[in-house]
Amino acid sequence: MAISWQTLHKLEKEYGDSFFIVDIGQFQTNYKEFLQAFRAFYPHTNLGYSYKTNYIPKLCQTVHSMGGYAEVVSQMEYDLAIRIGVPPTRIIFNGPLKQQEDLENAILAGSTVNLDCLEEVEMVEALANRLPEHKIAVGLRCNFDIGTSRISRFGFDVAAGELDKAFQRLTALNNCAVEGLHCHISTAERSTESYARRTQKIIELTDYYFKERQPRFIDIGGGFYGKMTEDLKSQFNGYIPNYQEYAAAVAPQLKAKYPDNSGPELIIEPGVAVVSDVLKFAAKVVGLKTVRSRQIALVVGSIHNVKPTGTDKNLSMRVYRNDENNGQRKLAAPVDIVGYTCMEHDCLYKDYPGEIGIGDYAVFENMGAYTVVFKPPFIRPNPPIISYDPLLNEDTLIRRRETSQDVFSTYIL
Ligand SMILES: Cc1ncc(COP(=O)(O)O)c(C=O)c1O
């Protein structure tokens with residue numbers, strides 16, 4: 001996305017001095033490339049977009065219009081999917097907390113509901129017993145060891161026989177079928193080896209549990225790296241696989257098992273992989289100071305906008321200089337770019353190695369994952385989100401700037 005200081009200034013005049021810019025075209029490209037990488041090996045692959053990573057409705061609508069599933073982990077996200085026109089049959093309902101009523105409604109409406117724990121099996125038993133004429137279908141989330149240091153809290157522990165128990169109880173019901181297996185295992189390395197291992201494991205489990213009939217789906221979850229700037233990549237210790245490498249670790253195993261293209265649907269559930277490079281965050285430089293040896297530039301943003309989940313990496317950032325004002329006050333490198341909160345740790349970028357002045361814009365890249373959904377209302381309302389088409393030089397408001405009234409509207413004053 002080509003932008004200039006002039007573009008940012010024009011957007012500032014219309015929308016205020018900090019904003020996200022979303023590139024829907026980039027999202028469509030990522031979606032197509034990621035899915036195509038898997039389909040090249042295993043054509044019966046579909047993508048469920050992880051809403052929680054970034055649930056800007058426009059992105060979710062794009063997923064639906066491109067044929068993808070809505071992968072939701074809460075009733076709030078389920079409601080959003082319905083509201084934007086996703087049919088229940090195109091919703092995958094995951095997550096550790098599904099309330100009886102929500103789980104029942106989703107199952108009865110034909111959504112894919114992947115159960116996470118025995119309490120949810122009990123909810124399905126209650127539903128099946130209450131509606132004996134109704135055919136019920138569910139999926140089960142599996143928890144197995146792929147050699148990671150952390151013990152995941154999600155899904156049924158395969159080694160301890162919990163998955164087995166769930167299977168037995170559900171198949172003992174005359175009107176209930178388990179139609180697929182799901183796993184999502186997040187690891188720090190996000191390595192292709194870990195995807196090869198989880199795929200092998202979930203295929204072994206389907207072999208064991210689906211002897212008489214084929215499962216409808218095998219869902220290997222998300223957790224893949226997305227596209228990054230070289231600068232950001234260089235701050236990671238390990239290798240960052242690309243889409244094709246992930247696909248090559250997973251999909252040929254299904255192809256080998258089901259060579260004639262009549263195998264189960266392979267579902268992938270990326271969030272980060274397709275959305276991380278789809279947003280930028282722009283914040284105007286409004287203050288400069290030097291305190292002893294430290295040079296500081298204040299921007300209209302905070303660490304909560306750019307690193308809401310916490311990371312010590314310096315995200316890729318570019319400063320767009322205010323060329324129109326040569327007389328502006330400025331600081332020479334290195335400069336810490338700090339935010340509006342009253343917290344000492346609110347540093348959006350440490351040791352920026354260039355010149356920076358009042359009226360410049362700091363633009364952060366790779367802002368698509370978790371930024372919009374994770375930011376707390378501390379202590380400034382959320383900035384607007386704008387879609388900008390650099391070719392047509394057209395902008396559209398996607399989310400308006402939040403007001404103090406929005407923030408306090410749920411309190412009883
Ligand atoms: C069940 C499930 N699927 C998919 C995802 C997406 O993960 P990511 O954004 O890392 O691809 C998550 C995220 O935690 C998840 O819990």
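Me: In which strand is the place of Glu179?
Reply: This is a predicted model. In it, Glu179 belongs to strand E8, which runs over residues 176-182.

Me: Why is Glu179 called buried?
Reply: The word buried is used for a residue under 20% relative accessible area. Glu179 has 18% relative accessibility, so Glu179 counts as buried.

Me: Which residues does Glu179 touch?
Reply: With residues up to four places away in sequence left out, Glu179 touches Ala137, Val138, Phe210, Arg213, Pro215, Arg216 and Phe217. To count as a contact, heavy atoms must lie within 4.5 Å.

Me: Asn382 sits in a loop. What makes Asn382 count as buried?
Reply: The loop in question lies between helix H13 (371-374) and E19. Asn382 has 12% relative accessibility and the limit is 20%, so Asn382 counts as buried. Apart from neighbours within four places in sequence, Asn382 is in contact with Lys375, Arg399, Arg401 and Glu402.

Me: Which residues of helix H1 are buried?
Reply: In H1, residues 5-15, they are Trp5, Thr7, Leu8, Leu11, Glu12 and Tyr15.

Me: How do you know on which side of H1 they lie?
Reply: Around the axis of H1 these buried residues cover an arc of only 155 degrees, so they are on the same side of the helix. Lys13 and Glu14, on the other side of H1, are exposed.

Me: Why do residues three or four places apart point the same way?
Reply: An α-helix has 3.6 residues a turn, so residues at that spacing point the same way.

Me: What do the buried residues of H1 pack against?
Reply: Their partners are strands E1 (18-22), E11 (279-291), E13 (317-320), E18 (361-364), E19 (385-389) and E20 (394-399). Just after H1 comes Gly16, with a positive phi of about 110 degrees.

Me: Which residues of helix H4 are buried?
Reply: H4 covers residues 75-83, and its buried residues are Glu77, Tyr78, Leu80 and Ala81. Viewed down the axis of H4, they fall within an arc of 160 degrees, so they line one face of the helix.

Me: What makes Met76 and Arg83 of H4 buried or exposed?
Reply: A residue is called exposed when its relative accessible area is over 50%. Met76 and Arg83 are exposed, on the other side of H4.

Me: What lies against the buried residues of H4, and what comes just after the helix?
Reply: The buried residues of H4 pack against helix H3 (57-65), strand E3 (69-72), strand E4 (91-93) and helix H5 (100-108). Just after H4, Gly85 has a positive phi of about 95 degrees.

Me: How many residues surround the ligand?
Reply: There are 17, and the closest are Lys52, Gly223, Glu269, Gly271 and Val272.

Me: What makes the pair of Val272 and the ligand a polar contact?
Reply: The cut-off for a pair of N or O atoms is 3.5 Å. A backbone N or O atom of Val272 lies 2.9 Å from a ligand oxygen atom, so the pair is within that limit. A side-chain N or O atom of His184 is 3.3 Å from an oxygen atom of the ligand, and a polar side-chain atom of Arg190 is 3.4 Å from one. The ligand on its own has 390 Å² of accessible area, of which the protein covers 89%.

Key: Residues numbered from 1 in each chain as written. Predicted model: local features only at pLDDT ≥ 70, side-chain atom pairs only at ≥ 80, totals over all residues. Heavy atoms only, no water. Buried < 20%, exposed > 50% of the residue type's maximum accessible area, 1.4 Å probe, protein only. Helix = DSSP H or I, 4+ residues; strand = E, 2+ residues; numbered from the N terminus. Arc of directions from axis to C-beta. Near = heavy atom within 4 Å. Polar contact = N/O pair within 3.5 Å; in protein donor to acceptor, adjacent residues only side chain to side chain. Areas by Shrake-Rupley, 256 points an atom, 1.4 Å probe, with all protein chains shown as cover.
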